Amino acid sequence: MKEKKELQSTPSIWRNGRFRRMFAAHTAASFGDWFDAIAIQVLVAYRWEADPMMIALIPVVMALPGLLLGSIAGTLADRVHKARLMIVCDAAIALLTLAILAVPGPAWLLPLLGLRAAAGVFQMPSQQGLTRTVVTSDDLFRATSLNGLVNQASKVAGPLLGAMTLTVLSPQACIILNALLRLCSGLLLWPLRGIGPALVSADQQAVAAEKQGKSAAHTAPEADEAKMREEHVRASRFFNQWREGWAFLWRSRMLLHTLIFGLFGLIAILMIDYQFPTLLRVLAPGNESLLGWLVSAIGAGAVGCMLVLNRLNRISAGWGLGGGYVLVGGAIAALGWAQPGTGLPVLLMIGAVLGVGNGLYIITQNYILQAKTPADMVGRVFGIQSTVIGAIMVVSPLAGGVLIRIAGAGTAFVWIGMTVGILGLTGLLLQSVIWRESLADSSLTTEQNADLA
């Protein structure tokens, strides 16, 4: 009865103390990540003057853990206490971030970034699953919007504060700040470490019952054999749950089409996602702060979009996913058409449009994935998404680096932007076919959460 009472919808999601803690922890981690990202990009692109191919290797090494561990991480997140796993990940990320301070160049930086990304792979599905656990279905859209809002708000304040820190201090100071914020995130999550029995508890109960039935006179060989049987059962159940996640995704038309549509766009976007410093070095040589300004404008556009969506509490699948890609693609192409000497206001306006499109897409996709997935499979679905994205990130950034070497940064941005825009337009025109499992009015509202689940 107590748990049922806690899961009742409240007039305001902010009355949910557990969500407030999660939100604060997510905010600390997100802001720290952007301090860190700006510092690393400045180090690599401006201070170390790395070429496009070396820059392209950064997202590749950060993607490999998602490819190798994404599905496993999602399955694990559905079996263990999610908050505990998130706390461990925060601690690991903080230590690996501090280790970056000792690297002398890009070659030494890449392995550390890969290890740190591995910790993040286990954290993401845990966060999504924990959100579904502590938030009612009526508040799910609002929670998803607020979490996305933090991600984008950190793109506004994070790069600006990072640029100020770089001006006054150094990239190393930004890196230290990220480590401290990660530790704060873990401390905020600490009181939530006991929430929800893990799926593995059933295995533990079966093992405990078996042990209680055993005689105390067991010999050592018998004990070893029993232990091996227990481990085999756990491994078998783990694999079965992993396979169930893939099977569920394959059966759900709307989930499958949402992921496929998004992944086609990501193939193009990730070709230039880490190459903004390469383009900005051409548009404004020596202006290190321009990267921070542009990223902040992108974040500001996304924040504005998410605030509107949070108030409306609904979004059409076609307009959110297809329309988002139209705006993202148009903005990327516009940046490619920009010439050296282009005014800062023009670049910031383009960045804001890119952010609006990004906000539309992210909120719509995450909401569909959460609302159409049962609570005990959320971690697995997001883990599968991480695996596929990891595979794309191994190939796309390298292909983007080659394209920029051959055609130049501006031309590459134009081609990729037009590709994403055409994909988004296709989604808008064919939305009734691609997402025809959605309800008759094509709206994703909180009143329809029960139907969507």
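## A buried glycine in helix α16

G421 has a relative accessible area of 15%, which is under the 20% limit, so G421 counts as buried. This residue belongs to helix α16, which covers residues 409–429. The structure described here is a predicted model.

Beyond residues up to four places away in sequence, G421 touches Y325, V326 and G329. A further pairing involves G324: its C-alpha atom is separated from that of G421 by 9.0 Å, although the two residues are 97 apart along the chain.

## The chain as a whole

The chain contains 18 helices and zero strands. Of its 453 residues, 54% count as buried. The chain exposes about 19,800 Å², and carbon and sulfur atoms supply 67% of that area.

Contacts across the sequence can also be described by separation. Among contacts between residues at least 6 apart in sequence, 88% join residues at least 24 apart.

## Helix α13 and the annotated regions

Helix α13 consists of 21 residues, 317–337. At 1.5 Å a residue, the helix should span 30 Å, and its end C-alpha atoms are indeed 30 Å apart, so the expected and computed values agree. Of the 21 residues in α13, 15 are buried, and the helix is therefore largely enclosed by the rest of the structure.

An unreviewed UniProt entry lists several spans under "transmembrane region", among them residues 317–338 and 412–430. Over residues 317–338, the model is 95% helix and 0% strand, with end C-alpha atoms 32 Å apart. Residues 412–430 are likewise 95% helix and 0% strand, and the end C-alpha atoms of this span lie 27 Å apart. Other spans listed in the entry include residues 52–73, 85–103 and 254–272.

## Salt bridges

Side chains of opposite charge can pair when their charged atoms come close. The structure holds four salt bridges. One of them joins the side chains of R182 and D33, with an N to O distance of 2.9 Å. This pair links distant parts of the chain, since R182 is in helix α7 and D33 is in helix α2 (residues 17–47), 149 residues apart. R182 counts as buried because its relative accessibility is 6%, whereas D33, at 33%, counts as partly exposed. D33 and R182 are also linked with D90 in a network of salt bridges.

Helix α2 takes part in another bridge, in which the side chains of R116 and D36 meet at 2.8 Å, N to O. R116 lies in helix α5 (residues 106–134) and D36 in helix α2, so this pair links distant parts of the chain, 80 residues apart. Both R116 and D36 are buried. A further salt bridge is formed by the side chains of D51 and R405, at 2.7 Å, N to O. D51 is in the loop between α2 and α3, while R405 is in helix α15 (residues 378–407); the pair therefore ties together parts that are 354 residues apart in sequence. With 33% relative accessibility, D51 counts as partly exposed, and R405 is exposed, with a relative accessible area of 53%.

## A nonpolar patch on the surface

L98, L101, I176, L180 and L183 form a nonpolar patch on the surface, and together they have about 400 Å² of accessible area. Helix α7 (residues 171–189) contributes the largest share of this patch, namely three residues.

One residue of the patch, I176, lies in helix α7. Its relative accessibility of 37% falls between the limits of 20% and 50%, so I176 counts as partly exposed.

## A buried alanine in helix α4

A83 is found in helix α4, which covers residues 82–99. Its relative accessibility is 2%, and A83 therefore counts as buried. Apart from residues up to four places away in sequence, A83 touches L130, L189, L192 and R193.

A83 can also be placed relative to Q127. The two residues are 44 apart in sequence, and their C-alpha atoms are 7.7 Å apart in space.

How values were computed: Residues are numbered from 1 along each chain as its sequence is written. This is a predicted model: local features need pLDDT of at least 70, side-chain atom pairs count only at pLDDT 80 or more; totals for chains, interfaces and linings use all residues. Side-chain values use heavy atoms; hydrogens and water are left out. Patches are made of residues with over 30% relative accessible area and no salt bridge: like charges are joined within 9 Å, nonpolar side chains (Val, Leu, Ile, Met, Phe, Trp, Tyr) within 5 Å. Accessible areas come from the Shrake-Rupley method with a 1.4 Å probe; for residues, only the protein chains shown count as cover. Helices (H or I, at least four residues) and strands (E, at least two) are DSSP runs, numbered from the N terminus. Buried means under 20% relative accessible area, exposed over 50%, partly exposed in between (1.4 Å probe, protein chains only). Contact means heavy atoms within 4.5 Å. The expected span of a helix is 1.5 Å times one less than its number of residues. UniProt positions are given in the numbering used here, feature names are shortened, and annotations may be inferred rather than shown by experiment.
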